Amino acid sequence: MTAPPAPGHAPAMTDGAATHLWRPYTQMKTAAPPLEAVATQGSRIRLRDGRDLIDGIASWWTAVHGYNHPHIAQAVSRQLAAMPHVMFGGLTHAPAERLAARLASLLPGDLDHVFLTDSGSVAVEVALKMAAQLWLNRGVAGRTRILAFRGGYHGDTMGAMSVCDPEEGMHRRFGAYLPGQVFADLPVDAAATAALDALLARHRDSLAAVIVEPLVQGAGGMRMHAPEVLATVARLAARHGLPLIADEIFTGFGRTGTLFACEQAGIVPDILCLSKALTGGTMALAATVARSEVFDAFWSDDPAAALMHGPTFMANPLACAAANASLDLFETEPRLAQARSIGECLASGLSPLRDVPGVADVRVLGAIGVVQLDHAPDLATLKARLVGRGVWVRPFGDIVYLTPALTISPDDLAVLIEALVATVREKAA
Ligand SMILES: *Cc1c(COP(=O)(O)O)cnc(C)c1O
């Protein structure tokens with residue numbers, strides 16, 4: 001016999017509104033139920049009710065080649081027939097070997113040592129752990145803290161959360177649970193540069209590394225900075241003898257107009273994290289890539305000096321096959337040119353919003369177009385209006401943005417831009 005639910009309890013599973021699934025970042029009691037997707041193709045998501053939505057954000061920035069690219073599908077089905085998965089402890093396989101070699105040759109400098117995991121947050125955890133263990137392996141104790149930048153986002157696991165913006169809700173809630181890190185503003189001017197330099201000098205003996213999202217702080221608010229700012233971060237980290245971790249999970253694979261954002265500043269970080277578009281939006285995979293100087297600190301006769309990490313599904317062969325196929329497409333199809341021409345369309349299409357009341361800023365970099373409002377709108381209404389116009393866009397906070405597939409057709413891109421412009425104007429009216 002079960003007691004009736006007390007007031008405030010969730011409805012029983014038999015209630016039509018209820019589901020066994022626990023949704024991400026969603027107050028399930030008040031949110032509209034999610035839309036059910038049944039199929040994808042190109043830049044379209046087909047819903048259960050037969051509607052097609054044009055995806056304006058490429059499934060959280062992952063589907064750079066659009067959905068269901070046949071080249072990736074074929075590579076994954078071939079791999080599925082041969083070997084879907086095998087453990088990576090003590091074993092290796094061609095899809096992972098090939099992917100690591102290709103990433104090493106595409107990434108700048110001697111970023112040559114690739115550790116494969118299964119999500120962006122874990123790639124960041126591994127980077128933080130690499131940095132901390134790097135100092136231990138060198139015989140230096142007490143250097144475990146990370147200098148991170150306000151406005152940043154690096155993931156949802158504990159270590160990754162600890163380097164996200166300190167004012168964010170997650171920090172306020174989990175503060176006591178998280179390691180205490182050091183936060184700075186990005187060195188966008190002389191005063192901020194001097195402040196960062198002083199902060200690094202003050203905390204140097206307790207710091208293991210500096211972490212930054214190159215050129216765009218993504219989920220923290222889609223804020224962009226000039227390549228010179230990134231170059232300044234790299235220069236100051238080097239001046240204070242600290243490894244630099246570049247979190248390219250959002251920016252990697254063409255999103256900013258170059259294959260990697262770091263290229264635009266001409267810097268080579270010591271550790272670099274990749275995930276989101278690594279498999280072209282098809283499978284969970286991430287990489288933490290280190291320069292030789294970092295790797296060499298782990299190369300030793302001492303077993304305890306080995307990198308102490310190894311997820312069960314690391315280097316999953318299906319995901320590696322998808323990533324290799326995605327890299328093929330970057331070689332054979334003009335993704336970077338597509339990113340730049342999307343950027344031109346976004347810039348000309350969104351700029352009229354600059355004069356609309358309630359719009360604080362319009363900014364574009366590569367294939368990222370951002371409209372920032374004066375204050376956070378009623379997100380549920382905004383999202384519903386965008387869906388009503390046949391587009392899938394996920395505004396957050398005071399930000400409405402487009403990060404479409406790099407393969408999106410000019411017509412679909414025009415529909416996305418028109419829908420966004422009309423929705424923002426409607427809000428202003
Ligand atoms: C999405 C993201 C992460 C976290 O990746 P998950 O795969 O969601 O764990 C980390 N850093 C940046 C910059 C991201 O955009």
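The following questions and answers concern a predicted model.

Colleague: Which residue does UniProt mark as "modified residue: N6-(pyridoxal phosphate)lysine", and where does Lys276 lie?
Modeller: The feature comes from an unreviewed UniProt entry. The residue lies in the loop between strand 11 (271-274) and strand 12 (286-291). The entry places the feature at Lys276.

Colleague: Is Lys276 buried, partly exposed or exposed?
Modeller: Partly exposed covers the range between under 20% and over 50% relative accessible area. Lys276 has a relative accessible area of 25%, so this residue is partly exposed.

Colleague: Leaving aside neighbours within four places in sequence, which residues are in contact with Lys276?
Modeller: Lys276 sits in the loop between strands 11 and 12. With those sequence neighbours left out, its contacts are Trp60, Trp61, Thr62, Ile249 and Gly281.

Colleague: On which side or sides of helix 7 are Ala192, Thr193, Leu196, Leu199, Leu200 and His203?
Modeller: These residues of helix 7 are buried. An α-helix has 3.6 residues a turn, so residues three or four places apart point the same way. The buried residues cover an arc of only 125° around the axis, which puts them on the same side of helix 7.

Colleague: What covers the buried residues of helix 7?
Modeller: Ala190, Ala191 and Arg202 are exposed on the other side of the helix. The cover over the buried residues includes strand 5 (145-149), strand 6 (182-184), strand 7 (207-212) and helix 8 (227-239).

Colleague: Is Ala58, with its positive phi of about 50°, buried or exposed?
Modeller: Ala58 is found in helix 1 (residues 58-61). Buried means under 20% relative accessible area. At 2% relative accessibility, Ala58 is therefore buried.

Key: Residues are numbered from 1 along each chain as its sequence is written. This is a predicted model: local features need pLDDT of at least 70, side-chain atom pairs count only at pLDDT 80 or more; totals for chains, interfaces and linings use all residues. Side-chain values use heavy atoms; hydrogens and water are left out. UniProt positions are given in the numbering used here, feature names are shortened, and annotations may be inferred rather than shown by experiment. Helices (H or I, at least four residues) and strands (E, at least two) are DSSP runs, numbered from the N terminus. Buried means under 20% relative accessible area, exposed over 50%, partly exposed in between (1.4 Å probe, protein chains only). Contact means heavy atoms within 4.5 Å. The arc is that of the directions from the helix axis to the C-beta atoms.
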